[in-house]
Amino acid sequence: MSRSNITIQEIAQALKVSTATVSRALNDKPGVGKGLKSKVVRYAKDRGYVPNRNAVSIRVGNSSIALFIIRTQGIAGTSILSADAFEMTNRLGLEPHVVRIPYGEDFAEGLHRAEIAYNPAIFIFYGPCEIADSSQLEALKAPILFILSDDAPAGYPQIVSDDRHGARAITESLIGAGHESIMVLTERKPDGSAYYHDRIEGFKDALAAHGLGFDTSALMALPIDYGDYIDSAMTTIRAHAIPALTSSRHRPSAILALSDYLAFALAKVLADEGIRVPSDVSLASFGGWSITALMPVSIQS
């Protein structure tokens with residue numbers, strides 16, 4: 001039976017090919033044999049396939065490439081993108097590619113090079129960008145979508161998590177488990193301020209709701225080299241967080257890391273120092289990234 005809402009994914013599944021192959025065939029792009037292209041087009045037509053208008057409107061020129069930009073290195077660059085990210089572009093009929101711009105390199109220049117190389121329909125960027133001059137982005141032809149970028153330039157479209165309510169909820173769970181002394185670890189921006197402002201406010205909201213005061217010494221913003229994230233984070237955690245954890249005064253019973261990647265480094269340092277999770281200290285983090293599955297202990301994220 002024909003239907004008007006068949007998707008690229010269903011076509012790919014029926015013909016046992018990738019969604020990227022279906023996308024190329026339906027958009028008459030190279031890389032698909034003539035016979036297979038004809039088969040895909042005929043199958044889609046017979047079942048009333050209608051191109052996604054959002055995908056059509058997002059394309060620039062003849063491009064159908066969605067360019068994922070990751071500004072990180074090492075282990076943090078391997079798992080930041082989930083399968084859902086690629087599924088999103090496939091549903092729009094766009095072909096995903098990934099480009100990494102290491103920390104230490106100019107963000108805007110990296111995007112300009114990527115645009116010349118790929119001619120993308122859209123840039124999709126994840127994480128902190130640390131761009132010095134956002135006006136340089138105005139020369140780009142393709143639009144940029146920032147996802148979970150705490151320092152994204154103003155005026156650009158963004159997708160963000162509900163940081164304040166999410167941080168409050170996870171803090172509520174720690175308080176509900178009996179923790180009233182909670183250390184909060186975050187990362188420090190180049191200007192000296194703390195990343196994840198809304199998550200910090202959510203933490204304060206939870207404390208206030210339970211009549212608990214906010215002690216500024218409980219918040220620790222760590223300077224981290226994003227070009228060598230894990231080693232840098234472990235070094236600064238040992239230097240700043242561990243002394244506070246092992247102090248006899250005001251020793252926290254729980255730690256809330258405002259980033260899963262920070263929690264990943266923290267868990268390794270805690271293990272190295274012989275501090276057991278959760279018997280010695282409980283650990284929670286924010287993000288829900290798949291990297292937490294690699295941790296030696298199970299945590300709430």
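In this predicted model, strand S3 (residues 122-126) and strand S4 (residues 144-147) run parallel and are joined by 4 bridges. One spot to look at in this pairing is Phe123, which stands opposite Ile144 of S4.

Zooming out, S3 and S4 belong to an open sheet of 5 strands, with parallel pairing and the order S2-S1-S3-S4-S5. Strand S2 (95-100) and strand S5 (158-159) sit at the edges, each pairing on one side only.

Next comes S1, which has S2 on one side and S3 on the other in the strand order. With S2, S1 pairs in the parallel sense over 6 bridges, and Ile70 ends up opposite Arg100 of S2. With S3, S1 again runs parallel, this time joined by 5 bridges. Here Phe68 has Ile124 of S3 as its bridge partner.

How many of the 6 residues of S1 are buried? The count comes to 6 of the 6, so S1 is largely enclosed by the rest of the structure. As for which way the side chains go, a regular strand has them alternating between the two faces of the sheet. In S1, Ile65, Leu67 and Ile69 point one way, while Ala66, Phe68 and Ile70 point the other way, and all of them are buried. Phe68, the bridge partner of Ile124, and Ile70, the residue opposite Arg100, thus both belong to the Ala66 set.

Then there is the helix on the sheet. Helix H6 (residues 107-118) lies across S1 (65-70), S2, S3 and S4. Relative to S1, H6 runs at about 155 degrees.

Moving on to a helix pair, two packed helices are described by the angle between their axes and the distance between the axes. For helix H1 (residues 8-15) and helix H3 (residues 34-46), the packing angle is about 125 degrees and the axes are 11 Å apart. That angle makes H1 oblique to H3. As for handedness, H1 and H3 cross in the right-handed sense.

Which residues make the contact between H1 and H3? H1 brings Ile11, Ala14 and Leu15, and H3 brings Lys39, Val40, Tyr43 and Ala44. Sorted by character, the contact of H1 with H3 holds 6 nonpolar residues, 1 charged and no polar ones. The charged one is Lys39, on the H3 side of the contact.

Notes:
Residues are numbered from 1 along each chain as its sequence is written. This is a predicted model: local features need pLDDT of at least 70, side-chain atom pairs count only at pLDDT 80 or more; totals for chains, interfaces and linings use all residues. Side-chain values use heavy atoms; hydrogens and water are left out. Two strands pair if DSSP finds at least two bridges between them. Helices (H or I, at least four residues) and strands (E, at least two) are DSSP runs, numbered from the N terminus. Contact means heavy atoms within 4.5 Å. Axes are lines fitted to C-alpha atoms, for helices over the stretch in contact, and angles run from 0 to 180 degrees between N-to-C directions. Angles under 35 degrees count as roughly parallel, over 145 as roughly antiparallel, 65 to 115 as roughly perpendicular and the rest as oblique. A crossing is left-handed if the near helix is turned anticlockwise from the far one by less than a right angle, and right-handed if clockwise. Buried means under 20% relative accessible area, exposed over 50%, partly exposed in between (1.4 Å probe, protein chains only).
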